[in-house]
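Please report on the sheet in this structure. Cover the strand order, the pairing and the burial.

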Amino acid sequence: MPKLIPVPDDLSKPFWDAVNERKLVVQSCADCPTLQYPPKPTCLDCGSENLGWKETSGRGRISTYVVMMDIHLARRVEDQPFNLAFIELDDDPKINFYSNLPGVPVRQVPIGAAVEVIFEEVAPGQLIHEWKIVE
Ligand SMILES: [Zn+2]
């Protein structure tokens, strides 16, 4: 399946820099306990602009999934159908990531299963995060 190659902007660059070091980070508010992803200019809870980054455990759980069969993104059409799983991050289950769960057959996603982050090279020197089921 072709992977999306990230195009970091000012807000997301620290995230992608960390991914290139095989770390999964989320934004962390210095003024309240909030963790958030995707990155925003301000804290969604208290409005602070005093945001840093925190490395996560890289572990989570599959909360649910959908099977994509009728989307019209040209570069994904030939891959359909494929799984799109929703991952709840262990560090804060309010934070969700999405995954195609490489290697898991379509419609056979084990909801509730534990997953951990893995990293795949999609372009020279550019990694992306993916997720795999841990037994
Ligand atoms: Zn805050």
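The sheet is open and has 3 strands in the order 2-1-3, with antiparallel pairing. Strand 2 (35-36) and strand 3 (51-55) are the edge strands; each has a single partner strand, so one side of each has no neighbour in the sheet. Strands here are DSSP runs (E, at least two residues), numbered from the N terminus. Two strands count as paired if DSSP finds at least two bridges between them. Strands of a sheet pair through backbone hydrogen bonds, either parallel or antiparallel.

This is a predicted model: local features need pLDDT of at least 70, side-chain atom pairs count only at pLDDT 80 or more, and totals for chains, interfaces and linings use all residues. Residues are numbered from 1 along each chain as its sequence is written.

Strand 1 covers residues 25-29 and runs antiparallel to strand 3, joined by 5 bridges. Strand 1 also pairs with strand 2, again antiparallel, over 2 bridges. A hairpin of 5 residues links strand 1 to strand 2.

Some residue pairs across the sheet:

| Strand 1 residue | Opposite residue | Strand of opposite residue |
|---|---|---|
| V25 | E55 | strand 3 |
| V26 | K54 | strand 3 |
| Q27 | Q36 | strand 2 |

Is strand 1 buried or exposed? In strand 1, 5 of the 5 residues are buried, so the rest of the structure largely encloses it. A residue is buried if 20 or more other C-beta atoms lie within 10 Å of its own, exposed if 12 or fewer, and partly exposed in between, with C-beta atoms placed from the backbone.

Terms used:
Helices (H or I, at least four residues) and strands (E, at least two) are DSSP runs, numbered from the N terminus.
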